[in-house]
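Thank you all for making time this morning. I would like to walk through one structure with you, and I will try to give the criteria behind each term as we reach it.

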Amino acid sequence: MNTDCSHDFLAAAPAGATTHALGCRLKRPITGHGVTSSAALAVVCLSLLLLTGCASMGPPTIARDRFDYVTAVSESWKRQMMLNLVKVRYADAPVFMDIASVINSYELAGDVTLSGQLAQVGRGDQFASLGATGHYADKPTITYQPLAGEKFTRSLMLPLPIPGILFLMQSGYPADIVLRACVDSINGLRNAYGGPRRPQVGDPKFWELMNAVRDVQTAGGLGLRMKSAADRQAVVLFLRPSTDEAIAEPVRRIRELLGLNPSAREFNVVYGNYPESDTEIAILSRSILQLLVDLASQIDVPASHIAEGRAYGLQRSPDQERLFPSLLSVRSGPSEPADAFVAVRYRDQWFWIEDTDSQSKQIFTFMMFMFSLTETRSEQVAPIVTIPAR
C-alpha cells in the first residue's frame, strides 16, 4: 500500500526588487531600489522555513509513527480475529492475513526564488516577484502475507503444546479458564465443546477438576520447574505439600478424579486421551481452530439465520449452562454499536463485544495470545507433574 502527500506553496512580494535565486541558503545579498523591509523579511522567513528540510526528518517521526502503527495493527488484528470467529459460526472459511513488514519513507524538498526588473522612477513597468515551492511526500509500504501452507497448519491445526498450557497457569492465568478453553480431556474426563458436528456435553467431573486445580493455584500450591530427564529438559509441575486444608483437600480431589497413584510423587504428562498407568496424566489439548469453533458457538446470532440454516445452532441444557457457562459474549444487531471493544460487519449484521464486558474482553485477548504458542518449532517435551505423597 503506497500513499503520496505533496504540498506546493507560492508567496508574492512587493514591486521593486533585483533578481536573486535562493535554495536552502541565500545565494546573493538583496540590493537595489524599491526593495521594502517587508519583502526582505519574507525572503528570510521563507529561507529559514526551507532550511529545516536540510535536517533529518527521522527522529521526530519515531514517536508519532511507532505508536500510530501499533494502534492501527492492534485494531486491525482484533477486527480480523472477530470476523473470523463470526465466519466460523456461519460455516465460512477463516482467512488470516499477517503484516510481514512496514517500511516508511519521507521526503521534503523546497526552493525559494526572487526575481525583478527595475526601471527609472515614474515609469509604470516596474515589477518584481517572490516565490517559494515545496514538496513533502510520505510513502509507507506495507507487506501482507496470507496464513497458508505449513504456517496455516502449524498455527491453526496443530494441538496447543502441553508445556505452554502449564506455563500459562504458572504465569497467573486462571487454571479453570485455561483448562476450559485449551483442553479437550484429561485422563478421559471430557470437557464441553460446542462444535456443530460433534458437540460434547461435558463431564461434571471435569468441572470438579477445573475448580480443584484453580483452588490449588489460588492458594499458592501450584508451581513449575525444569528438570533434567533423559538428556533433555522436562517441565515438572509440583503441588506444594501443606497442612493447610485449602491446599490439601483439592490435592486429594485431583488424585481421586484422575485416578493417580496415591503413593507416587511424580507423574509424567503425555499427550493423549487416556493414560497408560496410574503414574501418567494424559492431556488432549485443542488446536486454535477447535478453540475458534467452540467460542464461535457462543456468539449471539439472529434466530432467523439459524432457522434458515445460515448459521448452526446449539441446544444446551440448564445443567450444561451451569457447569460450563459461555466464556465469551458476542452480541449482534442490525446497527453499528456506539461503544464497543471490537466490532465487525458480516453480511447484514453487526457483531461486537461490549467495552464494559471485562470477561469477554479477557477471553478474546487470551484467544489471540494463543497464536504465539503455536509459532514454536521446537519439539514438545513431556512435562512431569510432582504431587507430594502424604
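I will go through the salt bridges, then the enclosed helices, then a pocket, and finally a surface patch and two contacts.

Before that, a word on the basis: this is a predicted model, in which local features need pLDDT of at least 70 and side-chain atom pairs count only at pLDDT 80 or more, while totals for chains, interfaces and linings use all residues. Residues are numbered from 1 along each chain as its sequence is written, and side-chain values use heavy atoms, with hydrogens and water left out.

Let me begin with the salt bridges, where the rule asks for a side-chain nitrogen of Lys or Arg within 4 Å of a carboxyl oxygen of Asp or Glu. By that rule the count is 14 salt bridges. One of them joins the side chains of Arg214 and Asp176, at 3.5 Å from N to O. This pair links distant parts of the chain, since Arg214 lies in helix α6 (residues 204–218) and Asp176 in helix α5 (residues 175–182), 38 residues apart. Helices and strands here are DSSP runs numbered from the N terminus, with H or I over at least four residues for a helix and E over at least two for a strand.

How covered are the two partners? I use buried for under 20% relative accessible area, exposed for over 50%, and partly exposed for what lies in between, with a 1.4 Å probe and protein chains only. Arg214 counts as partly exposed, because its relative accessibility is 28%, whereas Asp176 counts as buried because its value is 18%.

A second bridge is formed by Arg180 and Asp294, whose closest N and O atoms are 3.3 Å apart. This one again links distant parts of the chain, with Arg180 in helix α5 and Asp294 in helix α8, 114 residues apart. Arg180 has a relative accessible area of 5% and is therefore buried, and Asp294, at 2% relative accessibility, counts as buried too. The side chain of Asp294 also meets that of Arg286 in a salt bridge, at 3.3 Å from N to O, and Arg286 is buried as well. Taken together, Arg180, Asp184, Arg190, Arg286 and Asp294 are linked in a network of salt bridges.

The helices that carry these residues deserve a closer look. In α5, 7 of the 8 residues are buried, so this helix is largely enclosed by the rest of the structure; the buried residues include the charged pair members Asp176 and Arg180. For α8 the figure is 7 of the 9 residues, so this helix, too, is largely enclosed by the rest of the structure, and its buried residues are Ile288, Leu291, Leu292, Val293, Asp294, Leu295 and Ala296. Leu295 is buried because its relative accessible area is 1%, and its C-alpha lies 9.5 Å in space from that of Val88, although the two are 207 residues apart in sequence.

Helix α4 (residues 162–170) is also largely enclosed by the rest of the structure, because 7 of its 9 residues are buried. Among them are Ile162, Pro163, Gly164 and Met169. After α4 comes Gly172, whose phi is positive, near 120°.

Which residues lie nearest the centre of the second largest pocket? They are Gly195, Pro196, Arg197, Val293 and Tyr312, out of 16 lining residues. The elements that give two or more residues to this lining are α2 (58–89) and α8 (288–296). A pocket, on a 1 Å grid over the protein atoms alone, is an open set of points where a 1.4 Å probe fits, with protein on both sides within 12 Å along at least five of seven lines, and lining residues have an atom within 4 Å of a point. The space in this pocket is about 290 Å³, where a volume is the space filled by probe spheres set on the grid points. Its lining divides into 8 nonpolar, 3 polar and 5 charged residues, with Asp, Glu, Lys and Arg taken as charged, Ala, Val, Leu, Ile, Met, Phe, Trp, Tyr, Cys and Pro as nonpolar, and the others, Gly among them, as polar.

On the surface, Val73, Met97, Ile99, Val102 and Tyr144 make a nonpolar patch of about 390 Å². Such a patch takes residues with over 30% relative accessible area and no salt bridge, nonpolar side chains (Val, Leu, Ile, Met, Phe, Trp, Tyr) being joined within 5 Å, and the areas come from the Shrake-Rupley method with a 1.4 Å probe. Strand β2 (residues 97–117) gives the most to this patch, with 3 residues. Val102 has its place in that strand and counts as partly exposed because its relative accessibility is 38%.

Finally, Gln359 is found in helix α11 (residues 358–373) and, at 40% relative accessibility, counts as partly exposed. Gln359 and Leu328 are 31 residues apart in sequence, with 7.4 Å between their C-alpha atoms.

Key: Patch = residues over 30% accessible without salt bridge, like charges linked within 9 Å, V, L, I, M, F, W, Y side chains within 5 Å.
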